[in-house]
Amino acid sequence: MNINLVEVAESKDAIEKQLQDMKTSIKESKDVLSETQKALRKTLRKFANCKLASGQASFSPVITWRAAIKQEREILRAMQLCRFDINIVEMAGWVPDEDTQTLVDLISAEIGAMATVEILPEAQGRGGSAGPPTYFPTNEFTGQFQSI
């Protein structure tokens, strides 16, 4: 326990001065504590969001955690678009012909020998009547006009 013994003066004026000194001391201590906590929070926030030079990985566990959460959300969003049967995961979508093999390679690399990946042409797929969407490869400039 942290106990301070204080001698109490006998005159009323001395007691009031002593009381005022204690109030001032308590206020100063609270101010110092508040400023210390602000500085500590600022330092911790700065450290938590600290990045190395551009292009390098972050050493902050908070940034790593945020990136992992973002990746998990994207995976969840993609998985919500899938249809699941007993041992089949079906995902429907359009892929440009030149990117089909890249997609198969990426998925195969992730699932390894657990399963095989097949991409069915639209005619064998879900059988929708609509054809593939219009697709034109874009660059940084022409991508702005893709939605027109």
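## Salt bridges and surface in a predicted model

Asp85 is partly exposed in this structure, its relative accessible area being 41%. The value belongs to a predicted model and serves here as a way into the charged part of the surface. Asp85 is joined to Arg83 by a salt bridge, in which the closest N and O atoms are 3.4 Å apart. Arg83 likewise counts as partly exposed, at 40% relative accessibility. The pairing does not stand alone, for a network of salt bridges links Arg83, Asp85 and Glu90.

A nonpolar patch can be described alongside this network. Ile75, Met79, Phe84 and Val89 make up a nonpolar surface patch of about 360 Å². One of these residues, Val89, belongs to strand E2, which covers residues 89-90. Strand E2 also has the lowest mean pLDDT among the elements of the protein, at 80, whereas helix H1 has the highest, at 90.

Helix H1 spans residues 12-48 and holds further charged pairs. In one of them, Asp21 forms a salt bridge with Lys17, with 3.3 Å between the closest N and O atoms. Why are Asp21 and Lys17 separated by about one helical turn? The two residues are four positions apart in helix H1, and therefore about one turn of the helix lies between them. Their accessibilities fall into separate classes. Asp21 has a relative accessibility of 42% and so counts as partly exposed, since that class lies between the limits of 20% and 50%. Lys17 has a relative accessible area of 52% and is exposed, because exposed residues are those over 50%.

Another pair in helix H1 involves Lys38 and Glu35, whose side chains meet in a salt bridge at 3.7 Å, N to O. Lys38 and Glu35 are three residues apart in helix H1, which is about one turn of the helix. Glu35 counts as partly exposed, with 48% relative accessibility. The pairs described so far belong to a wider set: a search of the whole structure finds six salt bridges.

Helix H1 also carries Leu19. Is this residue buried, partly exposed or exposed? Leu19 is partly exposed, its relative accessible area coming to 45%. The C-alpha atom of Leu19 is separated by 9.4 Å from that of Val8, a residue 11 positions away along the chain.

The local picture can now be set against the protein as a whole. There are three helices and two strands, and from the N terminus on the elements follow the order α-α-β-β-α. Of the 148 residues in the protein, 4% are buried. How much of the accessible surface belongs to carbon and sulfur atoms? The accessible surface comes to about 13,900 Å², and carbon and sulfur atoms account for 58% of it. Among the contacts with a separation of 6 or more, 19% come from residues 24 or more positions apart.

A word on confidence may help in reading these values. The average pLDDT of the protein is 78, and 80% of the residues score at least 70. The salt bridge between Asp21 and Lys17 lies in helix H1, the element with the highest mean pLDDT, 90. Lys38 and Glu35 also lie in helix H1. Val89, which takes part in the nonpolar patch, lies in strand E2, where the mean pLDDT is 80.

Methods. Residues are numbered from 1 along each chain as its sequence is written. Side-chain values use heavy atoms; hydrogens and water are left out. Patches are made of residues with over 30% relative accessible area and no salt bridge: like charges are joined within 9 Å, nonpolar side chains (Val, Leu, Ile, Met, Phe, Trp, Tyr) within 5 Å. Accessible areas come from the Shrake-Rupley method with a 1.4 Å probe; for residues, only the protein chains shown count as cover. A salt bridge is a side-chain nitrogen of Lys or Arg within 4 Å of a carboxyl oxygen of Asp or Glu. Buried means under 20% relative accessible area, exposed over 50%, partly exposed in between (1.4 Å probe, protein chains only). pLDDT is the predictor's confidence in each residue, from 0 to 100. Contact means heavy atoms within 4.5 Å.
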